[in-house]
Amino acid sequence: MPQHVPAPVEGEAEGSAGPAPAPGQQAGAVPAKAPRRVPGALRPRTLLSRLPLLLAAVLWTVSLPHIGFRSMGEYGLLDRLPVTYYLSLLVLTAGFLAALRRAGTAPWWPALYCGALLMALKGVPAVLYDSERYPWASKHDAVIDHLLADGELRPGEGLSGNMSAYDQWPGFFTLNGGLVRAFGTDGATSYLNWAPVVLGLLMMPVLVLLYRTFTEDRRLVWSAVWIFQLANWVGQDYLAPQGLAFLLHLAVLTVVVRHFVRPGSAGRLRSRAYLDPAAAAVPPPTGTRQRAVGVMVLAPVLVAVNAVHQLTPVMLCVTLLALCLTRRYRNLGLLAVAGLIMLAWDLTMGRPLFTETLGTLRDSLGDLTRNSRAGYAGELTGAGPELAGRANILMVLGLAALAGTALLLRRRLVHSALPLLLASLAPVPLFVVNDYGGEMLFRVYLFALPGAAFFAAAALVPAAGGTDALRAPPAVRRSCAVALPVALVALLAGFMPSYYGKERMNYTPPAETALVTRAIDSAPEGSLILATTGSFPKALHRYDQLEHWFFAEQELPENVEMLRDPAGYLVARLPAGATAYVILTRTQDIYTAGEGLLPPGGFTRLTTDLVASPLFDVVERTEYGVVLRHDSP
């Protein structure tokens, strides 16, 4: 009988003896089967990225009920956060470092970790607090309530408590008034504490686009985003015009560096042989007509920036001016449009404050010592505030040292990312002009932070790829493998006291808020509200109907003189026939001591003297404060 010959397997030639043996395998041996992946099984790399994120989420959630925010002492939240909270931050850091190794193929993992870090760092007040974080933020809610109740703006009317500026730059409050109406809430207080988280999440994609303009290394991009969040302790991302205006500023800067490159201006930066291995190619050039269309597209955003905040348009104009120092971004037309929009707003809606500021330039111009100090007194007192102040300085120095290292060691990357460096340095000269109410130091730091974070990350993430001459040597890569986790943990350690070391003055018990609200609601229209500082809840409630005097917001020697005879000092300066209410609360006590406005024990002495004085009548007194009344003859 004829033997059956099996047909050749598809892919084999007829007459062949079967597939060729694998290298090192004997002919005729049965080939080993490739391991089959079990459906639903996770790869080790995926597990390494996912498990730390889940573990950190569990640790953070478990820690929440044990955070004693109502019993904070001198160190704010630092000694009220349980060990599980700090462990969650360390686990997040370890998971981020693991995810960073796959940033090129799985960029969503570093993105998830950056979002989780933002929530872990700044989500505690949003989840737990039963009142506004930052008592002074309640004035923004007061403006929104006033706008919704009266439906009008009065930019030309002088309002006490420095509130006129909010009617002159009302964009932020108009937007929030619309949100309150749309969601049917009682006011912005229902979402006020979530502002740092929301603004941070909105800022992340803008930062990614900005950084990817100058680097193709996703490890560098996400490391810069991570460092930006750790270094953003300055507290300007709460529900305030500055946070929204800064987001718009970053958006304009990102559009400019990506879509406003002049033709023929890149030079040898078009050659990969000259670039740092991590550097991105210069974006394609745009012609005059395209840039003109870009200016038209950006014009509404520029108007929005001017409608929201008075300082950010200045920061944006000096940034655009700095970019003009490079051939790549010498867009004088865009700079002119931005300057004209700013000037038009300042001379119309913002004219009262603009002319007032011009009048003060004679005293402030060139006074670097005064312009660069923080706050009124500039001397923090108390264990927590002093620790926070030292941490602030160390964070600035550490970030500057890392960025400076990149400027020295990665000059090719610095050359291609020169516009980002110039944008970070552009706000610094504003120290010469004004102190911005003791806040210029914080604002300059905030606007310099995106570039500083990028170059700090460049010092920690070595160049990969490229030619052997440009690639980081093995010794440098090994050093960075140690330096990166050490630096991230050090920045995390600095963030905590910088952000939460003074938290005792940022949290207000609801009972104190209720006391202040009752006092201000009972005050007749036209009354004068006196307090040591405006940093207490509902301080500017009914600001359009009352006058305000925060009498301790001055130099410390003047306050020492005031404490010799508080009652006589205040009454002598009250207008004739005025009905005055003095509101002294627990939060004011903590704030004036921590910020150095009053000497140790000064607030207690002030309260005792005013209560005992026959010139003042006690209206209400609780454990959270006292309300006094004085009727001038």
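The following exchange concerns a predicted model of one protein chain.

Biologist: On what basis are residues numbered and features accepted?

Modeller: Residues are numbered from 1 along each chain as its sequence is written, and side-chain values use heavy atoms, with hydrogens and water left out. As the model is predicted, local features need pLDDT of at least 70 and side-chain atom pairs count only at pLDDT 80 or more, while totals for chains, interfaces and linings use all residues.

Biologist: How many helices and strands does the protein chain hold?

Modeller: Helices (H or I, at least four residues) and strands (E, at least two) are DSSP runs, numbered from the N terminus. On that basis the secondary structure of the protein chain comes to 24 helices and 5 strands.

Biologist: Which strands stand at the edges of the sheet?

Modeller: Two strands pair if DSSP finds at least two bridges between them. The 5 strands form an open sheet of mixed pairing, in the order β2-β1-β3-β5-β4. Each edge strand has a single partner strand, so one side of each is left without a neighbour in the sheet; the two are β2 and β4 (617-622).

Biologist: In β2, what is the bridge partner of A531?

Modeller: Strand β1 (residues 528-531) and β2 pair in the parallel sense over 4 bridges. In β2, L530 has W549 as its bridge partner. For A531, the partner in β2 is F550.

Biologist: Along β2, which side chains point to one face and are buried?

Modeller: In a regular strand the side chains alternate between the two faces of the sheet. Buried means under 20% relative accessible area, exposed over 50%, and partly exposed in between (1.4 Å probe, protein chains only). Along β2 (residues 547-550), E547 and W549 point to one face and are not buried, while pointing to the other and buried are H548 and F550.

Biologist: Is T215 buried or exposed, and what is its relative accessible area?

Modeller: T215 lies in the loop between α7 (195-212) and α8 (218-231). Leaving aside neighbours within four places in sequence, T215 is in contact (heavy atoms within 4.5 Å) with L220, V221, A278, A279, A280 and F454. T215 is buried, because its relative accessible area is 1%.

Biologist: At what angle do helices α4 and α6 pack?

Modeller: Axes are lines fitted to C-alpha atoms, for helices over the stretch in contact, and angles run from 0 to 180 degrees between N-to-C directions. Helix α4 (residues 138-150) and helix α6 (residues 171-183) have their axes 9 Å apart, and the angle between them is about 70°.
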